[in-house]
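Student: I would like to go through this model slowly, with one question at a time. Could you reason through each answer before you settle on it?

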Amino acid sequence: MKVEEVVQKALKLVLPEEEEVRRGKEAEEELRSRLDGLGVEYVFVGSYARNTWLKGSLEIDVFLLFPEDMTKEELRERGLEAGKAVLDCYEIRYAEHPYVHGTVKGVEVDVVPCYKIKDPKNIKSAVDRTPFHHKWLESRIKGKENEVRLLKGFLKANGIYGAEYKVRGFSGYLCELLIIFYGSFLETVRNARRWTRRTVIDVAKGEVRKGEVFFVVDPVDEDRNVAANLSIDNLAKFVHLSREFLDNPSLEFFTTRQKKEVESETLRKVLRERGTAFFAVKFRRPDIVEDNLYPQLERASRKIFEFLERENFMPLRYTYKAAGEWCYLLFECQVREISRVFRRIGPQFEDEGNVRKFITKKREFAPFIENGRWWAFEMRKFTTPEEGVKFYISSHWHTLGKNVGESIREFEVLSGENLLKEPVIAEICEMIGVRA
């Protein structure tokens with residue numbers, strides 16, 4: 001099929017059906033009635049308000065606007081009180097400050113309190129910027145709603161839609177800005193195939209230029225990068241997908257492809273043939289929201305990976321996962337076991353003061369000179385990466401994230417059959433590139 005034909009067929013996958021639209025309107029009318037009854041000022045924002053939500057993803061966002069001189073404590077209190085009053089059922093969720101999530105007539109709703117700010121440069125919290133985003137987009141997105149849906153559907157099917165840290169992909173706001181800038185989904189992917197890590201897209205000025213990082217200028221605040229949460233890897237993935245889609249147009253790019261499960265015996269064989277040390281650190285999941293958890297999991301994994309590099313275990317990759325009440329940090333190292341002895345670098349012979357300190361330190365082996373520098377043999381505390389990680393976590397847990405650090409104090413290291421019993425098979429396959 002030609003690319004235009006594929007896009008027309010893809011519309012059926014992303015466009016909400018009449019029943020979903022009807023449910024949204026009924027919930028909106030009921031919600032407005034309840035909010036009017038409370039006498040609070042409000043504005044509907046987000047993909048529902050702009051008619052850009054994806055099929056099957058109906059959710060209404062309403063922001064309550066409070067005076068700038070109100071204290072944060074009163075804003076939280078009144079915002080939560082109003083949210084509880086207008087929803088059929090609810091739960092308190094947390095972002096920069098608490099908000100209420102629940103349902104109205106079976107439709108999911110977020111009720112978020114914010115300040116009614118006159119100038120977006122004077123916001124008191126990140127959510128205060130959202131009403132300005134909505135106002136800027138509202139008229140400009142008219143007539144392009146389905147183009148936004150196509151872009152969102154393309155991204156979602158390939159696992160890179162959503163700015164939350166777990167995904168680090170494209171936010172809904174970023175999608176709408178790109179469609180406004182380029183005019184359509186097809187023009188976006190045609191231009192994206194030439195993006196680099198230094199591309200700057202200035203939507204308000206209508207120009208593309210070169211900068212230090214991939215930067216999409218927020219038309220509401222020119223100092224803010226709308227793509228700040230987008231990882232370099234997901235940027236690269238989108239550029240690659242754009243090239244692939246244009247070269248070989250297919251509806252598969254808009255459908256979530258189910259990965260074939262790898263048989264356990266196949267995975268065991270692959271791991272044996274690789275001859276590496278593959279293991280995971282397992283610990284209890286701290287009771288925090290995902291947007292706080294995943295940055296800490298990334299930090300802990302990175303710190304341990306860097307430790308393994310310093311200790312010459314030659315780590316290949318790492319990844320992490322939260323599943324149920326447990327967290328897993330997974331690592332693969334080229335070196336399964338290293339000698340107990342290693343060379344400690346010392347000062348050059350000209351550095352008299354430090355030479356004296358180095359050679360007078362108590363050691364099992366006598367120091368020696370090589371190429372004009374002093375060296376000494378020392379003994380390692382551990383010879384396998386698993387032993388090393390146990391040592392590192394036990395002595396450096398406090399550096400691995402506020403909440404993760406506390407939880408990881410009680411941990412176990414799993415490998416072999418014990419690891420393959422855990423819900424991390426998909427992550428292992430992804431990490432080592434196993435083909436199903």
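Student: Which residues of H7 are buried?

Tutor: This is a predicted model, so every statement here is about a prediction. In it, helix H7 is mostly covered, since 9 of its 11 residues are buried. The residues concerned are Tyr173, Leu174, Cys175, Glu176, Leu177, Leu178, Ile179, Ile180 and Tyr182.

Student: Which residue follows H7, and what is its phi?

Tutor: Most residues other than glycine have a negative phi, and so a positive value is worth checking against the residue type. Here the residue that follows H7 is a glycine, Gly183, and its phi is positive, near 95°.

Student: At what angle do H6 and H7 pack, and how is that arrangement named?

Tutor: Two packed helices are described by the angle between their axes and the distance between the axes. For helix H6 (residues 145–157) and helix H7 (residues 172–182), the axes are 9 Å apart and the packing angle is about 130°. An angle of this value lies outside the ranges for roughly parallel, roughly perpendicular and roughly antiparallel, the last of which begins over 145 degrees, and therefore H6 is oblique to H7.

Student: Which residues of H6 and H7 meet, and what is the hand of the crossing?

Tutor: On the H6 side, the residues in contact are Glu147, Val148, Leu151, Lys152 and Leu155. They meet Gly172, Cys175, Glu176, Leu178 and Ile179 on the H7 side, and among these Cys175, Glu176, Leu178 and Ile179 are also listed as buried residues of H7. As for the hand, H6 passes H7 in a crossing that is right-handed.

Student: How far is Gly46 from Tyr173, and is Gly46 buried or exposed?

Tutor: Gly46 belongs to helix H3 (residues 46–49), while Tyr173 is one of the buried residues of H7. Although these two residues are 127 residues apart along the chain, their C-alpha atoms are separated by 8.2 Å. When residues up to four places away in sequence are not counted, Gly46 touches Asp61 and His134. The relative accessible area of Gly46 is 13%, which falls under the 20% limit, so Gly46 is buried.

Student: How do the axes of H2 and H4 cross, and which hand does the crossing have?

Tutor: The axes of helix H2 (residues 18–38) and helix H4 (residues 72–86) cross at roughly 135° and come within 10 Å. That angle makes H2 oblique to H4. Leu31, Arg34, Leu35 and Leu38 in H2 meet Ala82, Ala85 and Val86 in H4, and the crossing is right-handed.

Student: Why is the pair of Trp195 and Phe238 called tilted?

Tutor: A pair of aromatic rings is described by the distance of the centres and the angle of the planes. The structure holds 25 aromatic pairs. In this one the ring centres of Trp195 and Phe238 are 5.6 Å apart and the planes stand at 45°, so the pair is tilted.

Student: Where in the chain do Trp195 and Phe238 lie, and are they buried or exposed?

Tutor: Trp195 is in the loop between helix H8 (185–192) and strand S6 (199–202), whereas Phe238 is in helix H9 (residues 232–247). The pair therefore links distant parts of the chain, 43 residues apart. Trp195 and Phe238 also belong to one aromatic cluster that includes Phe154, Phe181 and Tyr182, and both Trp195 and Phe238 are buried.

Student: Which charged residues lie over the rings of Trp375 and Trp397?

Tutor: Over the face of Trp375, at 4.1 Å from the ring centre, lies Arg343. Over the ring of Trp397, 3.9 Å from its centre, sits the charged end of Arg409.

Student: What are the phi values of Lys105 and Met314?

Tutor: Lys105 is found in the loop between strand S4 (98–104) and strand S5 (107–115), and Lys105 is partly exposed, with a relative accessible area of 47%. Met314 is in the loop between helix H11 (290–310) and strand S11 (315–323), and Met314 is partly exposed at 43%. Neither residue is a glycine, yet phi is positive in Lys105, near 55°, and in Met314, about 50°.

Definitions and conventions
Residues numbered from 1 in each chain as written. Predicted model: local features only at pLDDT ≥ 70, side-chain atom pairs only at ≥ 80, totals over all residues. Heavy atoms only, no water. Phe/Tyr/Trp six-rings, centres within 6.5 Å; stacked < 30°, edge-to-face > 60°. Helix = DSSP H or I, 4+ residues; strand = E, 2+ residues; numbered from the N terminus. Buried < 20%, exposed > 50% of the residue type's maximum accessible area, 1.4 Å probe, protein only. Lys NZ or Arg CZ within 6 Å of the ring centre and 35° of its normal. Axes fitted to C-alpha atoms, helices over the stretch in contact; angles between N-to-C directions. Parallel < 35°, antiparallel > 145°, perpendicular 65-115°, else oblique. Left-handed = near helix turned anticlockwise from the far one by under 90°. Contact = heavy atoms within 4.5 Å.
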